[in-house]
Amino acid sequence: GGGKGGDLMAFTRDGQYIVKELNRTDHESLLRVAESYVSHVLSGETLLCTFYLHYADLDTEKTYVVMRNLLPHKGPFVGLYDLKGCADDKTLERNGRKVVAVHKR
């Protein structure tokens, strides 16, 4: 399945981890914050999602991140949101029903 932004996303069979394709901007952003992110996560005082691996597939030149899935159950949810900042509507699910993407840009 894909993320709301259209990048590819896959879940491990047990639902504990997510492998997500990163676009160039997200890849570069992650590289810029990597050192401070690692320091903050290792401090043990965070609610940030844990990223375990950030890598590039040299054959396809695509980049990926492997992260812990904070919602390993399927719901339904009263409300579910993608919190990454942008102008798009980030509502993913409302009252147990999936919400169609609204692109405001």
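Strands are taken here as DSSP runs of at least two residues in state E, numbered from the N terminus, and by this assignment Tyr52 lies in strand S3. The structure is a predicted model, in which side-chain atom pairs count only at pLDDT 80 or more. With 47% relative accessibility, Tyr52 counts as partly exposed, because that class covers values between the buried limit of 20% and the exposed limit of 50%.

Three aromatic pairs are found in the structure. One of them joins Tyr17 and Tyr52 in an edge-to-face arrangement, with 5.6 Å from centre to centre and 75 degrees between the planes. Since Tyr17 belongs to strand S2 (residues 17-22) and Tyr52 to strand S3 (residues 51-57), the pair ties together parts that are 35 residues apart in sequence. Tyr17, like its partner, counts as partly exposed, its relative accessibility being 34%. Another pair is formed by Tyr55 and Tyr64, whose ring centres are 5.4 Å apart and whose planes meet at 25 degrees, so that this pair is stacked; the assignment follows because planes under 30 degrees apart count as stacked. Within this pair, Tyr55 is partly exposed at 32% relative accessibility, whereas Tyr64, with a relative accessible area of 16%, is buried.

Several of these tyrosines also contribute to the surface. Tyr17, Tyr52, Leu53 and Tyr55 make up a nonpolar patch there, and together they present about 380 Å² of accessible area. The greatest contribution to the nonpolar patch comes from S3, which gives three residues.

The interior was examined in the same model. Its largest nonpolar core consists of seven residues, namely Met9, Ile18, Leu22, Leu30, Cys49, Val65 and Met67. At least two residues of this core are supplied by S2, and at least two by strand S4 (62-68). Strand S2 is thus represented both in the core and, through Tyr17, in the edge-to-face pair with Tyr52 of S3.

A backbone feature remains to be described at Glu61, which is placed in the loop between S3 and S4. Although Glu61 is not a glycine, its phi is positive, at about 65 degrees. Most residues other than glycine have a negative phi. Glu61 counts as exposed, with a relative accessibility of 70%, because values over 50% fall in that class.

Methods:
Residues are numbered from 1 along each chain as its sequence is written. Side-chain values use heavy atoms; hydrogens and water are left out. Rings of Phe, Tyr and Trp (its six-membered ring) pair if their centres lie within 6.5 Å; planes under 30 degrees apart count as stacked, over 60 as edge-to-face and the rest as tilted. Helices (H or I, at least four residues) and strands (E, at least two) are DSSP runs, numbered from the N terminus. Buried means under 20% relative accessible area, exposed over 50%, partly exposed in between (1.4 Å probe, protein chains only). Patches are made of residues with over 30% relative accessible area and no salt bridge: like charges are joined within 9 Å, nonpolar side chains (Val, Leu, Ile, Met, Phe, Trp, Tyr) within 5 Å. Accessible areas come from the Shrake-Rupley method with a 1.4 Å probe; for residues, only the protein chains shown count as cover. A salt bridge is a side-chain nitrogen of Lys or Arg within 4 Å of a carboxyl oxygen of Asp or Glu. A nonpolar core is a set of buried Ala, Val, Leu, Ile, Met, Phe, Trp, Tyr and Cys residues joined through side-chain atoms within 4.5 Å.
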